[in-house]
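The following paragraphs lead the reader through one protein model, from its interior to a pocket and then to a single loop residue. Please keep the sequence and the structure in view while reading.

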Amino acid sequence: MKCTITTKDIGDMVFELYPDDAPITVKNFVETAKSGFYDGLAWCRIVKDYVIQGGSPDNDIMTDSEWHIKGEFEANGVSNPQKHCRGAISMARDDDYDTAGTQFFVVHKDAHQLDGKYAAFGQMISGFEVLDAIAQMPTLGPQTWNKPVNMPEISKIVIED
């Protein structure tokens, strides 16, 4: 299963999704994407050399989603071999393991400290130049959770079964 995330005026990132490793997470992401929920939202957190994050209902990473799913990672008792290497796509969550909903992130540079603690559910297969371009965008700094000065818009997410 493939997923293409198009960022307006920047380009496409294409991911291979892994439903065998994170079935609840992939199902949630795919259904949310197919509903059009993500279309027009933004990459609302950019941390160069770490991650870019999107999927907040109001483009504020502190806003919770209306639902939560089980965190599919080792610390939560779920075997998931996916690693947080450059280009991995994973679910964002609060401190509670089962609080992922709509927010997700893409790893800009290897972040293995997240392995086993967050539900990685896919890997980028093309579009690394788009990831790099987004990661280079200026932010308002750590006091705002690295909110971008000009938030890049996720124009659409397309799922290919």
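The account below takes up the nonpolar cores, the largest pocket and the residue D115 in turn.

This is a predicted model, in which local features need pLDDT of at least 70 and side-chain atom pairs count only at pLDDT 80 or more, while totals for chains, interfaces and linings use all residues. Residues are numbered from 1 along each chain as its sequence is written, and side-chain values use heavy atoms, with hydrogens and water left out.

In soluble globular proteins, nonpolar side chains tend to be buried together. A nonpolar core here is a set of buried Ala, Val, Leu, Ile, Met, Phe, Trp, Tyr and Cys residues joined through side-chain atoms within 4.5 Å, where buried means under 20% relative accessible area (1.4 Å probe, protein chains only). The largest such core has 30 residues, and L17, F29, F104 and I157 have the most contacts inside it. Apart from it lies another core, of seven residues, including V51, F105, A111 and L114.

The largest pocket is an open set of points on a 1 Å grid over the protein atoms alone, with protein on both sides within 12 Å along at least five of seven lines; its lining residues have an atom within 4 Å of a point. Its lining comprises 20 residues, and Q53, I61, A92, R93 and D94 lie nearest its centre.

D115 is placed in the loop between β6 (104–107) and β7 (120–126), strands being DSSP runs (E, at least two residues) numbered from the N terminus. Leaving aside neighbours within four places in sequence, D115 is in contact (heavy atoms within 4.5 Å) with K83 and H84.

Definitions and conventions
Buried < 20%, exposed > 50% of the residue type's maximum accessible area, 1.4 Å probe, protein only. 1 Å grid on protein atoms, 1.4 Å probe; cavity = no way out; pocket = protein on both sides within 12 Å on 5 of 7 lines; lining within 4 Å. Helix = DSSP H or I, 4+ residues; strand = E, 2+ residues; numbered from the N terminus.
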